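Here's a quick briefing to read with the structure open. Have a look at the chain first, then work through the points below.

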Amino acid sequence: MPDQKTKKESLKTNKEAFYWNALIQNAGDAIISLDKDNKIVEWNKAAEKIFGYTKDDALGKNVDRLIGGKNIDEAQRVTQRSFRKGSRIFIDDTVRYAKGGIPVEVSISASSIFHKKMLLGSVAVYREISEWKRKSEEITHINRLLRTVSDINQLIIQESGPTLVLREACRLLKKEGDYKNAQAVLLDEKSKPSQFFGFKGKRLPPCAKKVLKTQKFLLVEDVSKSAFCKDCSKYNSGWGICLPLKHNKNLYGLLIIGNETPSFNLQQELKLLKEIASDLGFFFNSIIEEKNRKKAEDEVNALMEYNKTIVMNLGEGILIEDSKGIITFVNPSLEKILGYKAKELLGKHWEKIIPKTNYVDIQSKTISRKITQAEKYEARLLSKSKKVIPVLVTAQSLFKAGKFEGVLSAFTDISELVIARKESQAADKAKSEFLANMSHEIRTPMNGIIGMAELALGTKLTKEQFGYIEALKDSAESLMTIINDILDFSKIEARKIEIETINFSLRDSIGDIVSALALQAHKKGLELLYHIQPDIPDDLKGDPGRLRQVILNLISNAVKFTQKGEVSVSVKEESRDEKQIVLHFIVKDTGIGISADKQKAVFLSFTQADGSTTRRHGGTGLGLSISAQLVGLMGGRIWLESKAGKGSKFHFTVKLDIQKETKKKYVPVEIFDLKNLPVLVVDDNATNRLLLKEMLVNWQMKPLLTSGGKSALRILKRANNTGKPFALAIIDSQMPEMDGFELAQSIKSNSDLTATRIMMLTSAGMRGDATRCRRLGILAYLTKPVKQSELLNTIMLVLGKDSTEEKKGVLITKYSIRESQKRLNILIVEDNIINQKVAAHILQKFGNTVFLANNGIEAIQALKKKEFDLILMDIQMPKMDGLEATKKIRKEEENTGKHIPIIALTAHAMQGDKERCLDAGMDDYISKPLKSEELFEAIDRVIITPSS
């Protein structure tokens, strides 16, 4: 029996020795044991790693002579103190020396080892604190820089003088940011250096001249080796950066910052310095550009809101559990994290310190450790006070003779990181709310400017007045394009854009897009064409709004960079299955082209191929970047083919769904059947002839094509002689030898050809054309490119006219097509007087009757007194907003069984706005500023308005 007892005690001792050895060998700190003669008897793996000596090198050596180095006197005093009974030594920060005399910053915890009052030696734990100190210094520096950012933001908000702001910003960067060098240059209106801050003279260093030319930041990581810093390196060393103070394309000054000591985190530091430069650039821009100082300061204040970064407080706890999950060891750091004493946890299952919601996850980790040697993951611990503590876990499986014995886990408290993550999410939310408010505040007055300009252009004006107002409208629309680009880019950056999937007509959508830019192209004398392969299905599902945005951007760029020739859009099928089709779009121009070395850059944010300060064409540099990201969101890709001076081809693909059930085509019943009707198409442009042929054949008409006026006359006479005259001739106005008007006059002067009715198409409408058309008996006059639906409606109206109308010279235009539609009683619910006038004038211009309400309450009262065909409902209004009013209207309709269409009018254009409107019961949604075409397209979507 005694032998058996001894054997059990021996096994227990061996097991305990195994755990202690595992703990020592796997500890992250160097553990060194000494005998009473100050010689090393234990040297763990961490000691080998920290000091560079192997265990065989160290055992038996005098520890002070081995690692004391230049600090040997201090090291010997510490060692001697550690031999005193009951003495525990803690040294926060000292230096010991690794192999080769390399200094190592460490903290030391040491105590003596006595057995039965006999001194056996001492044990010391050396923790390398170099990284900790570096992190601490980095945190201190970043916090100082964050405070500097905040102080400069406050300075911008409180001060109005650029000189004072720039001088104080340099002072703050040197004092708060702890930079050795902080200089600035302010430019005058001609972009010449006018004021110098922190310079010994008024001479720009080479680095500043470089940045002044390129408007891009310049980073010099070693001043002594840079050609830009030859002069400065005589007085300075270290690193430096020169930043442009700019907003959009406007440069207002330069900021030069340098330091002698290396940066802890150069990328993070550079990001914050760029933010400071960006903020200063915006500040200078607001002073110059904004007339309303108060509004500018409010915008700066809103833009300058930043959240401070909370840095994790490092702390590590050690826990050992056996193969059954029973805790066998807890170190003091884990006691501090959990609030338990070690004796309260030893012998307990690990479930004691795990929240119930994490049982399953931790259980799976425990099982996997029997196979996995080591792993890292995030978890949560439950403290004694029932507080849930997030931690990063590093777990090491323990094996003995191939058998799983347990796990050694290291826990790092990441509570600060979780807090920082929540603050980051709050910052994202604040950014989204800011974008929404900015969208509303900008679009509301812009709606009034653009709308009233459009209305004014429709009144009697002098040539000079017309030019002024047209320039005003063009400038406002350009500004809206820039605003939309910036808001879109911000939404994409914040991942707030989602792609819709709705039904739409491909051909009508492309026709609308091309028509929107026709005038811009025709003003430059360019031919604007589009072609869609006939076998491509028309009824598709996707996001027509985002598709329109990409195509509009590519076409407008093509028109902008093309001086003569043509711009064309073609749509081809790349692949198709039963449910989806991939379309390949090509926008081709005959413009200036893009050199190969600049082609990749055009899709980058804030970048243009002609990036010099003397570029002629303007723009934010965001359009192609936004287009590329939108194409990616639509499941496609975008690329470019181009040569300098030889035009460009922009290609992109999108993936669209094919509608299962195609929508019903509405055709006015009073217009006679077009089937087999002979039509003569006269156009010198082969592409235009092909487009018209495909549309006419699609309606089962019988088109005959010719390229000139003389051949057209021969064809018409031959058809008349055979007793099969053409019912309709579609003629291009601009042709060589004999133009469209000359051909029309020849047709009308021949009594045998008067039965043929004439439609005129033009690429560039001129003043007086309408009068010539009426005089010559031309029945319709449309601007190319012509939408498919617009052409069909016009043909029906032309062929439906009687002879008296033709003699009266009644001319059909795209406006008269609109005027031929049903007149509506429309209620406009809008609190802004200017926006009321804009919407009312647009609608009244086409014969609709308009009633006004200033808020939701007045709208509901108006509905009790009168019936309306349609409601245009603003979202943000006092007393009762549009969403609440719509919900009340829909609630009342549950009793009446009626449904009045409601279209939302909102200055917001953010993610979720459309969904909120539709959820409230609205039928459609358009954003401000209002445009006539977009408004009527929305009305057409919610109300079927058959042609007269």
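I31 has a relative accessibility of 13%, so it counts as buried, the cut-off being under 20%. Keep in mind that this is a predicted model. The residue belongs to strand β1, which covers residues 30-35.

**Around I31**

- Leaving out residues up to four places away in sequence, I31 touches I24, E42, W43, N44, V123, A124 and V125.
- K45 sits 14 residues from I31 in sequence, and their C-alpha atoms are 8.5 Å apart in space.
- One of the residues I31 touches, E42, turns up again below in a salt bridge with K55.

**The chain as a whole**

- You're looking at 948 residues, 47% of them buried.
- The chain has 31 helices and 32 strands.
- Take the contacts between residues at least 6 apart in sequence: 62% of these join residues at least 24 apart.
- About 49700 Å² of the chain is exposed, and carbon and sulfur atoms supply 51% of that area.

**Salt bridges**

- Side chains of opposite charge can pair when their charged atoms come close.
- The count of salt bridges comes to 10.
- K55 and E42 make one of them, with N and O 3.5 Å apart. That pair links distant parts of the chain, 13 residues apart: K55 is in helix α3 (residues 55-58) and E42 is in strand β2 (residues 40-43).
- How accessible are the two partners, K55 and E42? K55 has a relative accessible area of 29%, so it is partly exposed, while E42 comes in at 18% and so counts as buried.
- R96 and E74 also meet through their side chains, at 2.8 Å from N to O. Here the link runs between strand β3 (residues 88-98), which holds R96, and helix α5 (residues 72-82), which holds E74, with the two positions 22 residues apart in sequence.
- R96 is buried, because its relative accessible area is 2%.
- E344 forms a salt bridge with K384, and their closest N and O atoms are 3.0 Å apart. This pair spans 40 residues of sequence, from E344 in helix α12 (residues 342-345) to K384 in the loop between β13 (374-382) and β14 (388-400).
- Both ends of that bridge are partly exposed: E344 has a relative accessible area of 26%, and K384 is at 42%.
- Salt bridges with shared partners also tie R890, E893 and D923 into one network.

**Nonpolar cores**

- In soluble globular proteins, nonpolar side chains tend to be buried together.
- The largest nonpolar core has 41 residues, and the members touching the most others are L506, I510, I555, L583, F585 and F652.
- Elements giving two or more residues to this core are α16 (506-516), β17 (527-532), α18 (544-560), β19 (566-576), β20 (580-589), α19 (623-633), β21 (638-642) and β22 (648-658). The largest share, 7 residues, comes from α18.
- What does L583 touch, not counting residues up to four places away in sequence? The list is L506, I536, L540, V571, K572, E573, F652, T653, V654 and L656.
- Apart from this core there is another one, of 32 residues, with L166, Y179, L243 and L245 among them.

**Helix α21**

- Helix α21 takes in residues 709-721, 13 in number, and reaches 19 Å from its first C-alpha to its last, close to the 18 Å expected at 1.5 Å a residue.
- Its buried residues are G709, S711, A712, L713, I715, L716 and A719.
- Those buried residues pack against β23 (678-682), β24 (702-706) and α22 (740-749).
- After α21 comes G723, which has a positive phi, near 80°.

**A nonpolar patch on the surface**

- I113, M118 and L120 form a nonpolar surface patch, with about 260 Å² of accessible area together.
- M118 is in strand β5 (residues 118-128).
- Is M118 buried or exposed? Its relative accessibility is 51%, so M118 counts as exposed, the cut-off being over 50%.

Note on methods:
Residues are numbered from 1 along each chain as its sequence is written. This is a predicted model: local features need pLDDT of at least 70, side-chain atom pairs count only at pLDDT 80 or more; totals for chains, interfaces and linings use all residues. Side-chain values use heavy atoms; hydrogens and water are left out. Helices (H or I, at least four residues) and strands (E, at least two) are DSSP runs, numbered from the N terminus. Buried means under 20% relative accessible area, exposed over 50%, partly exposed in between (1.4 Å probe, protein chains only). Contact means heavy atoms within 4.5 Å. Accessible areas come from the Shrake-Rupley method with a 1.4 Å probe; for residues, only the protein chains shown count as cover. The expected span of a helix is 1.5 Å times one less than its number of residues. Patches are made of residues with over 30% relative accessible area and no salt bridge: like charges are joined within 9 Å, nonpolar side chains (Val, Leu, Ile, Met, Phe, Trp, Tyr) within 5 Å. A salt bridge is a side-chain nitrogen of Lys or Arg within 4 Å of a carboxyl oxygen of Asp or Glu. A nonpolar core is a set of buried Ala, Val, Leu, Ile, Met, Phe, Trp, Tyr and Cys residues joined through side-chain atoms within 4.5 Å.
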